[in-house]
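Welcome! Please take a moment to look over the sequence and the 3D structure before reading on.

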Amino acid sequence: MNERLTKIKTDSTNFWSSRTKKQKGAIFGALIAIIAFASVLTYFSTRTEMVPMYTGLSQAEVGKIQEVLAADGVTYEITPGGTNILVPAKQADALKVSLATQGFPQSGGISTSFFAENAGFGMTENEFDVLKLAALETEVADLLKQVDGVNGATVKITLPKQGVFLPNGQGESTAAVILTTAPGQQFTDENIRALYGLVEKSVPNLTPENIRIANQYAERYDLDAAVSGNGSVATPDGQMQFKKAFERDLQREVQSLLGTLVGPNNVLVSITSDIDFKQENRQENLVEPVDEETMSGIAISAQRITETYTGTGATATGTPEAGQVTDNFTDYVEGAVGNGDYERTEEKINNDVNRIHRAIQEAPYKIRDIGAVVAVDLPEDMVASSEEIISNITEMLNRVIRTSIDKEAGGDLSDEELANKIFVTVQPFLGNNAVAEPETSVIPWWVWVIGGVLLVAIALLVFFILRSRKRQEEEELSAIEEQQERIIVEDIADEKETEATVRRKQLEKMAKEKPDDFAKLLRSWIAED
């Protein structure tokens with residue numbers, strides 16, 4: 001074994017010393033490339049693909065599921081925020097079934113199934129009331145989660161106290177609801193009325209006035225605005241409700257319009273407005289000319305008188321009456337003698353003008369200004385054309401604002417003024433990342449190219465090593481054959497029978513059969529010598 005190891009060491013040393021610097025560098029580089037390729041291949045082949053098993057859970061429930069997975073030895077990951085759990089893709093379905101048998105997800109509430117599983121005589125009345133209220137809150141929250149756009153719900157209910165003499169209870173029930181809505185979710189008036197109706201019909205002695213519903217951003221869903229849709233603008237409260245309703249309706253229209261372009265969950269819209277609620281009732285009595293160019297009216301009556309006289313030897317005498325207008329007389333000669341003539345023209349026209357009587361009652365409001373802020377999360381296939389999409393969104397908002405603003409209150413806006421009222425930004429929504437589909441691991445093409453090159457280099461290296469070893473083995477075999485040819489070993493079968501040979505055989509036989517006699521014989525031979 002030592003000889004074989006020594007031979008391998010000697011052969012390796014001879015092989016390395018017989019290589020040139022370029023060959024040594026190539027061998028060294030090939031070994032590094034092989035190690036790198038093996039590392040990359042091992043990384044991609046052993047990497048575990050993680051997929052979300054549950055999303056939107058409470059942190060308390062995530063901690064409970066984490067303990068179960070850790071006890072079972074399952075690999076898991078907690079996403080930033082502590083509301084999502086990632087598990088290996090191959091185990092996701094089996095883990096969901098296994099956790100479902102253990103009652104997960106529980107969402108941190110007590111359902112009515114608790115009473116069926118834990119009913120007993122050891123529970124006090126106070127404990128039963130507390131559990132009953134918790135179960136009712138959980139059931140109402142689960143009911144609200146069935147509405148599209150509601151990812152989670154937290155419900156807090158207070159029930160009237162029951163008395164011996166007042167079986168119907170004292171006071172009324174109240175309910176406060178916090179909804180965790182999807183990114184960009186906008187409820188219509190019909191949706192808000194449905195939410196209020198679900199809560200009202202689920203809790204006894206509960207009226208819509210005692211229900212408060214808001215989302216995770218503390219935005220309140222008011223039933224009054226959803227039911228009436230408009231209020232009296234004569235009061236400050238009515239004006240604020242009208243302003244909010246106008247902004248909400250315009251925001252929904254823009255949200256729906258842009259949602260068809262980039263997706264309903266990829267756009268957020270915020271609308272602000274400035275509304276003039278000043279009301280004015282006035283009467284106008286106007287007098288205007290019929291023809292504004294000549295500032296003349298319409299002739300309703302006209303009188304024209306024309307007189308002419310020509311004579312010889314007549315004397316035109318007389319004195320015009322006092323106050324008589326003589327502008328209409330021509331060629332009037334006083335006290336002249338001889339031939340005479342005159343001409344008199346008189347024209348009287350009665351003109352009338354437009355008399356306008358107006359009783360004006362202006363609208364109860366005027367939209368003076370509108371501002372729009374739009375945030376867009378473009379899908380990957382639309383990122384390349386983001387500038388064009390922003391331009392289209394800006395043009396849409398320009399038209400909406402231009403047609404919504406009152407011309408008298410806001411005036412005719414220029415393109416620059418409209419641009420100052422609109423802001424469009426493109427950025428990813430963090431809320432969408434939590435429920436994004438897991439990315440599948442795809443090996444890049446350059447890895448395959450490098451792998452192919454490394455395989456060719458490895459094949460060439462193995463070929464050269466094998467050929468070198470084969471050449472060495474051939475040289476060793478030839479050397480051994482030469483040595484064998486030099487050594488001539490006589491065949492024992494060809495040995496000739498001589499007297500010495502016969503004597504030796506006898507001595508060997510005697511030594512084996514009669515060792516004592518053989519020893520005596522040897523001593524006698526020694527003594528003789």
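Here is a short tour of two nonpolar cores, one helix and the loop that comes after the helix. Keep in mind that this is a predicted model.

**The nonpolar cores**
- In soluble globular proteins, nonpolar side chains tend to be buried together.
- The largest nonpolar core here has 27 residues, and the members touching the most others are I370, V374, I393 and L397.
- At least two residues of this core come from each of α9 (236-262), β8 (267-276), β14 (366-376), α10 (386-404) and β15 (422-426).
- Helix α9 gives the largest share, six residues.
- Leaving aside residues up to four places away in sequence, I393 touches L258, L261, V374, V376 and V424.
- Another core, of 21 residues, lies apart from the largest one, and its members include A175, F187, V203 and L206.

**Helix α7**
- Helix α7 (residues 189-202) has 14 residues, which at 1.5 Å a residue should span 20 Å; its end C-alpha atoms are 20 Å apart, so the two values agree.
- Which residues of α7 are buried? They are D189, I192, L195, Y196 and V199.
- Looking down the axis of α7, you would find its buried residues within an arc of 125°, so they line one face of the helix.
- E190 and K201 are exposed on the other side of α7.

**The loop after α7**
- N205 sits in the loop between α7 and β6 (206-215).
- Most residues other than glycine have a negative phi.
- Phi of N205, however, is near 55°, a positive value in a residue that is not glycine.
- N205 counts as partly exposed because its relative accessibility is 44%, while buried means under 20% and exposed means over 50%.

Terms used: Residues are numbered from 1 along each chain as its sequence is written. This is a predicted model: local features need pLDDT of at least 70, side-chain atom pairs count only at pLDDT 80 or more; totals for chains, interfaces and linings use all residues. Side-chain values use heavy atoms; hydrogens and water are left out. A nonpolar core is a set of buried Ala, Val, Leu, Ile, Met, Phe, Trp, Tyr and Cys residues joined through side-chain atoms within 4.5 Å. Buried means under 20% relative accessible area, exposed over 50%, partly exposed in between (1.4 Å probe, protein chains only). Helices (H or I, at least four residues) and strands (E, at least two) are DSSP runs, numbered from the N terminus. Contact means heavy atoms within 4.5 Å. The expected span of a helix is 1.5 Å times one less than its number of residues. The arc is that of the directions from the helix axis to the C-beta atoms.
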